[in-house]
There are 2 protein chains.
Amino acid sequence: MKVFIIGTGLIGGSFALDLKSSFKGIEVFGIDKNEDHLKEAVKSGIIDKEAEFKDLAEADLVYLAIPVDISLEVLPKVLDQINDNCLVTDAGSTKEELCKKVTNHPKRRNYLAGHPIAGTEFSGPSAAIKGLFSHKTNIICEVEKTAFKLQERALEIFHALGMRIRYMDPASHDRHIAYVSHLSHISAFMLGKTILEKEKNERDIFDLAGSGFASTVRLAKSSPAMWTPIFSQNKKNVIETLDEYISNLQHFRQLMEADDFEEVFNEMEKTNHIKDVLNGITQNENLKILENGK
Amino acid sequence: MKVFIIGTGLIGGSFALDLKSSFKGIEVFGIDKNEDHLKEAVKSGIIDKEAEFKDLAEADLVYLAIPVDISLEVLPKVLDQINDNCLVTDAGSTKEELCKKVTNHPKRRNYLAGHPIAGTEFSGPSAAIKGLFSHKTNIICEVEKTAFKLQERALEIFHALGMRIRYMDPASHDRHIAYVSHLSHISAFMLGKTILEKEKNERDIFDLAGSGFASTVRLAKSSPAMWTPIFSQNKKNVIETLDEYISNLQHFRQLMEADDFEEVFNEMEKTNHIKDVLNGITQNENLKILENGK
């Protein structure tokens, strides 16, 4: 099977590593506009050969793992090049604009819109790790628009990598993911900003901050090049979640200002049962940390 | 050495466990208004015997690890009971009010104000773990008000437990810690609230949320009984940090609204170097996760 990875970073690289260890006879080609990443990905054995768009006619599988604004240009180009039996899928964090973009493409049935809820705050081929997708959810959108046999091939691959599958329409995907992913990133970035602005002596932050702070602000290490187009494409939903978040923070502040600490207590207690929701995620994550030894 | 732990939860329990493995001839007594916790702490071997306030006259060391509002009542009572050679120290997350409260107490020199930057989002004696304080910072306030020989004894204990020491005045402590600890908790609680309000079907949150969300919202599992009095005592500083955080979030929202995604990118990029600040904390934390096997 000839696999083309477009974008040989954390996600594309990890996908290639898992494919190689799950299936025999996999040949992995890499396409990346970042020459250094491409060379690094070859050197570290993530991909076997560098390739170009014109080579896509030979592809059995194309995996798109690039910033979501660039996907809007690249996905139609990919569909233009591939043969009739090729499966194209992607890892983009927004789905509505991309699905709209190719809705009338003659090769629409070769594309399966995906979003694996997997990743770390790191990026580039050096961040690629084996098992990244294990026990993670892959959200698939507009499955009915993909050819049956290519749906089947995709599911076989996703299952081999250990992913759970959830089906959603692109608009619902973008709305829900604004809450559970995009908002967390803004909250972490702005928390980081608030503290860096205040604490000019960074050695002091390091000394006083504990693991709780590190955990809350962790996503502020994420790549701006990846996240800016996500916020742009999901602008309406993200602004809505931000408004609700800001309003909740203002309410909490007002309760404190009014010395209503009984209600401050209630606010926290009502949210405490998020424990139960998180238990599963955290267990998987700690397992991963142990497995990867980092 | 007779050690009295007042508050046999996560912090007090972990302190007792480490003391026992670091020093010989330690006898640990527990005082806790929660009878169940006290029995559980005895049963699991964290403390050797239940005790009462009147027994404190025998104590060589008293460790106070209770909510900060209750410390205001309990610390003077403890100082009233102890003998002249006893060291009293505590783990409270706010220091200004407590230091003021005992400033004129005749036994002020027996007290060392401390705040170990250690903990997890769990609570109670079952959450106590060995090595919790290893590689963590203990912030000590008003060290000059503690008797020399008791300062020395305290440092010997803290070093044996693996803690780094940092000295600050209580007002600076409360101001800095509002940024690096208290604000993170509010940010996590309100993020949790925003998502729970929106996503009534919690199974869906679980399926769509990844480790990034789990990390950002982790502190929303913390104990409201512990955190409400912290916010109350540090009200002025916490409101100031909240105002700055809300203002940063509003600015980010306005940039998105105005489609100024170049500046959205810059906002994130400027905060990205928090990576370097966090590296040390995260390394310690992962080490702990590996050591504890969970």
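This passage describes how the two chains of a predicted model are arranged, how they meet, and how chain A is divided into domains.

Chains A and B are related by symmetry. Chain B superposes on chain A after a rotation of 180°, with 0.0 Å of shift along the axis. The RMSD of this superposition is 0.0 Å. The relation is therefore that of a two-fold axis. In chain B, the C-alpha nearest the axis belongs to B:Thr216. It lies 2.1 Å from the axis.

The interface follows this symmetry. Of the interface residues of chain B, 100% are also interface residues in chain A, so the copies meet through the same surface. Chain B contributes 85 residues to the contact, and chain A contributes 85 residues. On the side of chain B that touches chain A, eight elements of chain B each supply at least two residues. One of them is a strand, β7 (137-141). The others are the helices α6 (170-198), α7 (202-208), α8 (211-217), α9 (224-233), α10 (235-257), α11 (261-272) and α12 (274-292). Helix α6(B) gives the most to this side, with 19 residues. By class, the side of chain B that touches chain A holds 44 nonpolar, 23 polar and 18 charged residues.

One helix pair across the interface can be described in detail. Helix α9 of chain A (residues 224-233) packs against α11(B) at an angle of about 140°. The two axes are 9 Å apart. The crossing of α9(A) past α11(B) is right-handed. From α9(A), the contact is made by A:Pro224, A:Trp227, A:Thr228, A:Phe231 and A:Ser232. From α11(B), it is made by B:Phe261, B:Val264, B:Phe265, B:Met268, B:Glu269 and B:Asn272. By class, this contact of α9(A) with α11(B) has 7 nonpolar, 3 polar and 1 charged residues.

Within chain A, two domains are assigned. Domain 1 of chain A spans residues 2-168, and domain 2 spans residues 173-292. Their C-alpha centres lie 29 Å apart. The contact between them takes 17 residues from domain 1 of chain A and 20 residues from domain 2 of chain A. On the domain 1 side, the elements of chain A that give two or more residues are α3 (68-81), α4 (96-101) and β7 (137-141). By class, the side of domain 1 of chain A that touches domain 2 of chain A has 6 nonpolar, 6 polar and 5 charged residues.

Technical notes: Residues numbered from 1 in each chain as written. Chains lettered and ligands numbered in written order. Predicted model: local features only at pLDDT ≥ 70, side-chain atom pairs only at ≥ 80, totals over all residues. Least-squares fit on C-alpha atoms with pLDDT ≥ 70 in both. Contact = placed C-beta atoms within 7 Å. Helix = DSSP H or I, 4+ residues; strand = E, 2+ residues; numbered from the N terminus. Nonpolar A, V, L, I, M, F, W, Y, C, P; charged D, E, K, R; others polar. Axes fitted to C-alpha atoms, helices over the stretch in contact; angles between N-to-C directions. Left-handed = near helix turned anticlockwise from the far one by under 90°. Domains from an automatic or database assignment.
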